[in-house]
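Trainee: Could you pick one part of this model and take me through it slowly? I'd like to see how the pieces connect, with cut-offs spelled out.

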Amino acid sequence: MPKYFDPHIHMVSRTTDDYQNMAAAGITGVIEPAFWQGQARTSLGSFVDYFDTLLGWERFRASMFGIHHFCTLGINPKEANNLSLAHEVLEALPRFLVKDGVVAVGEIGYDDITPEEDRFFAAQLELARQFHLPVLVHTPHRDKIGGTKRTLAVIREVGIPEHLVIIDHLNELTLPLVLDSDCWRGHSIYPNTKMSEERMVALLKQYGTEKMVVNSAADWGISDPLKVPKTGQAMLAAGFTEAQVEQVLFHNPVDFFAQSGQLDKNDVSKPLPIDQRKQWQENSALRGQDPVVK
């Protein structure tokens with residue numbers, strides 16, 4: 001079975017069943033980007049608590065099922081439009097970007113492509129450059145072509161090296177725009193929307209596997225945390241080799257985020273040892289069940 005790595009999934013929204021199923025499907029590691037949680041946060045403290053959750057409890061919870069957990073931190077595009085709060089979060093971000101397990105600034109970019117989003121996208125690109133971190137960019141759900149073009153323009157205006165940027169949620173219309181850059185190419189595989197396994201396979205056949213990255217972007221909405229291995233199955237069925245599957249669905253995302261210095265490919269090539277007797281701040285994910293140790 002090929003190794004898999006999901007470089008964009010919001011596990012704080014998922015259950016322990018998902019972790020178990022992901023581990024059984026061959027996913028050895030995940031990256032959890034900070035994102036909009038469905039309801040706008042109204043204070044700096046809510047951002048701080050959320051960042052601490054990604055760095056602490058969620059990383060612990062993943063380890064209980066043998067999965068390596070990393071995160072990216074930033075002000076998401078939707079909440080960049082709350083100008084005063086976004087300023088407070090921007091000031092707080094530097095102390096989080098140096099924490100263990102933070103592999104990029106993100107997800108940042110555009111939602112409605114407003115002047116406020118423009119401003120905080122550029123500011124966070126600059127932060128990433130200062131902290132020598134990669135960047136995970138969210139392209140908008142509306143006006144994807146215009147948003148992707150603006151994304152590339154701001155990346156070049158700020159001057160961050162393009163090989164340190166992955167532009168996510170690409171499709172057949174926006175991927176060619178990114179192919180003309182040195183940025184990495186991210187694709188979110190969803191049930192019914194965004195990108196399907198079959199469409200992803202067609203793109204890989206047309207454009208090859210270089211810098212191509214696939215994720216599930218699974219969250220609190222209708223989504224599927226097994227879309228990465230399901231894409232692997234579709235690739236194999238279409239005639240791709242197991243080595244090509246691992247290149248796209250393991251090596252490419254790991255190589256990109258390893259540029260942070262926070263992620264070691266040898267470590268994430270195998271699952272973590274599992275010891276469910278451990279606790280996080282005197283709390284366990286087992287709810288009284290017998291712990292697994294292996």
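Mentor: Let's agree on contact to begin with: heavy atoms within 4.5 Å. This is a predicted model, so local features need pLDDT of at least 70 and side-chain atom pairs count only at pLDDT 80 or more, while totals for chains, interfaces and linings use all residues. Residues are numbered from 1 along each chain as its sequence is written, and side-chain values use heavy atoms, leaving out hydrogens and water.

Let's take the sheet. It's an open one of 8 strands, in the order 1-2-3-4-5-6-7-8, with parallel pairing (two strands pair if DSSP finds at least two bridges between them; strands are DSSP E runs of at least two residues, helices H or I runs of at least four, numbered from the N terminus). At the edges sit strand 1 (4–6) and strand 8 (212–215), each pairing on one side only. From one strand to the next, the twist averages 25 degrees (axes are lines fitted to C-alpha atoms, for helices over the stretch in contact, and angles between N-to-C directions run from 0 to 180 degrees).

Now zoom in on strand 5 (residues 135–138). Val135 and Val137 on one side, and Leu136 and His138 on the other, are all buried, meaning under 20% relative accessible area with a 1.4 Å probe, protein chains only. Strand 5 pairs in parallel with strand 4 (residues 102–109) over 3 bridges, and Val135 is the bridge partner of Val105. To get from strand 4 to strand 5, the chain goes through helix 5 (residues 115–130) in a right-handed β-α-β crossover: with the strands pointing away from you, the path over the helix runs clockwise. Strand 5 also pairs in parallel with strand 6 (residues 165–168), over 4 bridges, where Ile166 partners Leu136. That crossover, by way of helix 6 (residues 144–158), is right-handed too.

Next stop is His187 in strand 7 (residues 184–188). Its relative accessible area is 0%, so His187 counts as buried. Leaving aside residues up to four places away in sequence, His187 touches Asp168, Leu170, Leu175, Met195, Met200, Leu203, Met212, Val213, Val214 and Asn215.

Finally, look at strands 2 (residues 27–33) and 3 (residues 68–73), a parallel pair with 5 bridges, Glu32 being matched with Cys71. Helix 2 (residues 44–55) packs on the sheet there, touching strand 2, strand 3 and strand 4, with its direction about 155 degrees from that of strand 3. Helix 9 lies across strand 1, strand 2 and strand 8, at about 135 degrees to strand 1.

Conventions:
Buried means under 20% relative accessible area, exposed over 50%, partly exposed in between (1.4 Å probe, protein chains only).
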